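Hi,

Here is the structure I promised to pass on. Have a look at it first, and then read my notes below.

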Amino acid sequence: MRVWLSAAALFCAISFGAQAQERLVVKGYTSDQTNHAVEEIVQPRADRQIARWNQMVCPQFVGFPEDVEKQFEAHLEDRFARYGIPVKAHCPIPQLFILATTHEDDLINHILERDPYLMQGIDVSAAFADNFRLPPSDVRHAIRQDYPVRWFSDVGIEYNGQTGTHLLNGNLPPRFGGGRATALYIGEIPMTSFLGSIRREEIKYMAITVDLSKMEGVSWLSLFEYVSMIALTNPQLKDYDTSETILGSFVTHRKPQSGEFAMTDLDDAVVREFYTDDRAEDGRSETRKIASDVTASLHP
């Protein structure tokens, strides 16, 4: 059975009247629904920017049937191109890993055993000093839960190529072999103002695992769309109650829903603003602006 939220039905269910100013209807979405969806999807940490892909993305697919991999690759490339992000397959060093398995718990355990820091790398900015510590317990807890699709990423900063070199002195954490750093060079900040236009927080690497054993009755297209939304926005790994987006409609109570699903008009508007607005702005201010711009863009 196909599970669709009818925009027309939702539109008719909302009455116009005294609350019209507070509950503006935009293509079937109220302003409350729009704001809630943006707040759920876009969640930058305090004093941080919104992390986005700021460079060409090179995906690598592992474990999918060959014909499905080709379809998935083409779909992802098309989705990313829609928002101005170039994609190139078969790069020497991939940035986006999409891993299919029928034993997801075993795969996650292996990843955590091999890389307990979940891709977090050295970053010169003090804002990422916590990369030297294990990810927060809530992140590690979430990734061990039996979600049909799980993900994690390495987030850092980009300076539009205007980098110098900086010698990292002092003791290295055990994860980097310990001892003294005597010849380790990393990017140096050319401008230290947090709101400076040069600095941009970015997604450097991302891994997405797909448990094929949980996909009975699920169409490949639905999975392609769901993973595309995840890869584009790097949202929190959790159960979403925003059914107006594919994040909350395709996976409910950690279970994928059968039928056909696609990124909604609201998803498309969120991602479009996500990659259009000023990427150097403070994350919380930018989240409010995205919500406002999405509402405006969806208004008839």
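In helix α8, the buried residues are L266, D267, D268, A269, V270, V271, E273 and F274. This is a predicted model, by the way, so please read everything here as computed from it. Helix α8 runs over residues 265-274, and since eight of its ten residues are buried, it is largely enclosed by the rest of the structure. What do those buried residues pack against? The partners are strand β2 (29-30) and the helices α2, α3, α6, α7 (246-249) and α9.

Two of those partners also pack on one another. Helix α2 (residues 31-41) meets helix α9 (residues 283-298) at an angle of about 140°, and their axes are 9 Å apart. The crossing of α2 past α9 is right-handed. On the α2 side, the contact is made by T34, N35, V38 and E39; α9 brings R284, T287, I290, A291, V294 and T295. If you sort the residues of this contact by class, you get four nonpolar, four polar and two charged. As a reminder for looking at the spacing, an α-helix has 3.6 residues a turn, so residues three or four places apart point the same way.

Now the core. The largest nonpolar core has 67 residues, and the members that touch the most others are W53, F80, L96, I98, V149, I208 and Y226. Helix α6 (residues 220-233) gives the most to this core, namely eight residues. V149 is a handy place to start clicking around: leaving aside residues up to four places away in sequence, V149 touches E104, I208, T209, V210, M215, L223, Y226, I230 and L237.

Last, the cysteines, which I guess you'll want for the bench. How many disulfides are there? The count comes to one, and it joins C58 to C91, with the sulfurs 2.1 Å apart. The two cysteines are 33 residues apart and link distant parts of the chain: C58 is in the loop between α2 and β3 (59-62), while C91 is in the loop between α3 (66-82) and β4 (96-101). The torsion about the S-S bond of C58 and C91 is about -55°, so this disulfide is left-handed.

Are those two cysteines buried or exposed? C58 has a relative accessibility of 6% and C91 has 16%. The cut-off for buried is under 20%, so C58 counts as buried and so does C91.

Cheers

How values were computed:
Residues numbered from 1 in each chain as written. Predicted model: local features only at pLDDT ≥ 70, side-chain atom pairs only at ≥ 80, totals over all residues. Heavy atoms only, no water. Axes fitted to C-alpha atoms, helices over the stretch in contact; angles between N-to-C directions. Helix = DSSP H or I, 4+ residues; strand = E, 2+ residues; numbered from the N terminus. Left-handed = near helix turned anticlockwise from the far one by under 90°. Contact = heavy atoms within 4.5 Å. Nonpolar A, V, L, I, M, F, W, Y, C, P; charged D, E, K, R; others polar. Core = buried A, V, L, I, M, F, W, Y, C linked by side-chain atoms within 4.5 Å. Buried < 20%, exposed > 50% of the residue type's maximum accessible area, 1.4 Å probe, protein only. Disulfide = S-S within 2.5 Å.
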